[in-house]
Amino acid sequence: MQPHLVRNLKGKLYFVVLSCLLLLIAIKSSTHEQHPQVPELPQIQGRYEGSDKPSQTKLTSTSLQAGRLSLSYFDLSSLENDLLESSENSEDDMDYVIDNITNVADDMNVGHTWPSFVVNTTSQRFRHGCYERGTIKQRKELLPEKMLEELNCEQRPPKVIVFGVKKGGTTALKEFLAFHPEVSVAPTELKFLNNRQLTKQGLSKYTSLMPYSLPNQIPIEKTPGYMVRERCAIPLKEMIPDCKLIAILSDPVRRAISDFVHLSWVRDNRKNGASELAPRHAHQIPHYEVNTTFEDSVLYPNGSVKTWNTLIDTSMYYKYAKFWLDYFPPENFLYLDAKDLVENPVNSFKELEKFLGLSPFFSEEVFHFNKTKGFYCIQYPVYSCMPSAKGRPHPVVKESVLKNLQEFFEPHNKAFSQLVNKTFSWTTYPDRS
């Protein structure tokens with residue numbers, strides 16, 4: 001048989017195999033119970049790697065239909081061209097295409113929504129909205145300008161702000177949430193609302209600091225200091241009156257200890273660290289006092305609590321939540337328990353998805369408990385953990401000091417829980433007598 005006929009026959013054979021695989025998947029999917037339709041996401045241009053040749057372009061779709069995976073993972077017209085023009089591809093290239101499709105079929109969890117991220121297994125990078133990104137530690141790269149125009153990528157003002165609270169787990173919340181395909185999260189704390197020089201420049205300035213986002217993505221920024229700065233509420237209400245606000249809150253005593261650990265490190269290791277903690281003026285209340293020990297920092301010698309110390313004041317959630325309710329309605333707030341995020345992140349992120357109106361993404365399959373690190377990591381679309389610097393060891397605090405602080409905070413905790421109509425793991429404390 002002539003060589004060109006052999007090549008054409010091989011190409012047609014691969015295409016037949018491909019068609020049969022997709023047909024089997026479609027038949028399997030159609031037998032499952034139908035679910036309410038999930039909003040459709042835009043098509044995403046991805047790349048697949050795996051041969052010595054330059055990678056071919058693959059058009060993937062995150063179309064989510066009937067609450068489960070759509071079968072529009074691959075643009076069949078472009079794949080058909082790749083397969084039928086097999087004379088320009090090696091046999092290894094073709095095997096990779098077939099293997100890739102087979103893996104998708106094997107790994108599909110029918111009935112669960114999975115966006116079709118396409119990951120370069122060498123670099124651990126993938127397309128996410130208007131960026132190419134990788135693990136938490138890897139830098140995000142903006143797509144080329146032409147692609148940004150085609151995708152209608154723009155800098156848009158935030159619709160959601162993670163506004164509290166410091167040392168509550170906001171960084172982990174932000175980094176994990178940023179994997180959801182329907183959000184675009186600012187990579188750093190903008191600290192826009194507590195900067196009068198910036199707020200004077202208005203919404204256009206705020207927008208210019210935000211990341212690019214697709215039209216269907218929710219732009220999000222995280223600055224945990226907003227919640228305890230009352231002056232932040234006024235400009236936000238003027239600029240974004242329908243903004244949604246999220247706070248992740250840990251046990252007030254534990255949060256104060258964590259804050260002390262962090263600021264002790266800042267004082268001892270950062271240039272001019274001590275001056276960063278000093279009050280700006282003599283009568284500033286609250287302000288930080290970070291002494292050698294946690295006990296000396298938060299308690300007077302007679303055992304009374306230094307309520308003016310920001311270590312304590314930041315943990316008094318009730319007074320700040322009550323203030324913010326003067327500017328935004330209760331339905332615009334979501335308060336998460338940091339303990340739930342640490343111990344069962346799936347539940348916390350499902351609650352977050354519901355609050356934001358996001359399509360389901362976070363599930364048991366997305367997270368993995370890393371026994372070495374002692375906390376959960378993301379394992380889809382790439383394996384990624386928070387840096388080791390997160391989670392410095394806490395000092396040993398005397399039982400009497402813990403009991404004293406718990407007795408102080410418990411009335412505030414109960415008032416806060418009643419205000420937001422939610423019980424937290426730290427609303428009441430166990431009897432320590």
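Start with the whole chain and its contacts (heavy atoms within 4.5 Å): among those between residues at least 6 apart in sequence, 69% join residues at least 24 apart. The model is a predicted one, where local features need pLDDT of at least 70 and side-chain atom pairs count only at pLDDT 80 or more, while totals for chains, interfaces and linings use all residues. Numbering runs from 1 along each chain as its sequence is written, and side-chain values use heavy atoms, with hydrogens and water left out.

Colour by secondary structure and you get 16 helices and 17 strands; these are DSSP runs numbered from the N terminus, helices being H or I with at least four residues and strands E with at least two. Now switch on the surface: about 22000 Å² is exposed, with carbon and sulfur atoms supplying 51% of it (Shrake-Rupley method, 1.4 Å probe; for residues, only the protein chains shown count as cover). Of the 433 residues, 49% are buried. Buried here is under 20% relative accessible area, exposed is over 50%, and partly exposed is in between (1.4 Å probe, protein chains only).

**Stop one: the rings**

Show Phe, Tyr and Trp side chains. The whole structure holds 28 aromatic pairs. Rings (for Trp, the six-membered one) pair if their centres lie within 6.5 Å; planes under 30 degrees apart are stacked, over 60 edge-to-face, and the rest tilted.

Select Phe-192 and Tyr-206: with ring centres 4.1 Å apart and planes at 10 degrees, this pair is stacked. Phe-192 sits in the loop between strand E11 (183-185) and helix H6 (196-199), and Tyr-206 in helix H7 (residues 202-208), so the pair ties together parts that are 14 residues apart in sequence. Both Phe-192 and Tyr-206 are buried.

Next, pick Trp-324 and Phe-328, another stacked pair, at 6.2 Å centre to centre and 25 degrees between the planes. Trp-324 is buried at 0% relative accessible area, and Phe-328 is buried at 1%.

Stay with Trp-324 and show its helix, H13 (residues 317-324), where Tyr-317, Tyr-320, Ala-321 and Phe-323 are buried along with Trp-324. Look down the axis: the buried residues of H13 fall within an arc of 160 degrees, so they line one face of the helix (the arc is taken from the directions from the helix axis to the C-beta atoms).

For a bigger selection, try Phe-117, Phe-126, Phe-176, Phe-179, Phe-349, Phe-361, Phe-362, Phe-367 and Tyr-380, which ring pairs link into a cluster.

**Stop two: hairpin and sheet**

Phe-367 brings you to strand E16 (residues 367-370), joined by four bridges to the antiparallel strand E17 (residues 375-378). Two strands pair if DSSP finds at least two bridges between them. Phe-369 has Tyr-376 in E17 as its bridge partner. E16 and E17 make a hairpin with four residues between them, and Gly-374 in the turn has a positive phi of about 85 degrees.

Now find the open antiparallel sheet, four strands in the order E5-E6-E7-E8. Its edges are strand E5 (119-120) and strand E8 (141-142), each pairing on one side only. Two bridges join E5 to E6 (residues 125-128), and Asn-120 stands opposite Arg-125 in E6.

**Stop three: lysines over rings**

Select Lys-140, which lies over the face of Tyr-131 at 4.3 Å from the ring centre. The criterion is NZ of Lys or CZ of Arg within 6 Å of the ring centre and within 35 degrees of the ring normal. Lys-306 does likewise over Tyr-300, at 5.5 Å.

From Lys-306, hop to Ser-297 in helix H11 (residues 294-298). Ser-297 is buried, at 0% relative accessibility. Beyond neighbours within four places in sequence, Ser-297 has contacts including Phe-260, Glu-289, Lys-306 and Leu-311.
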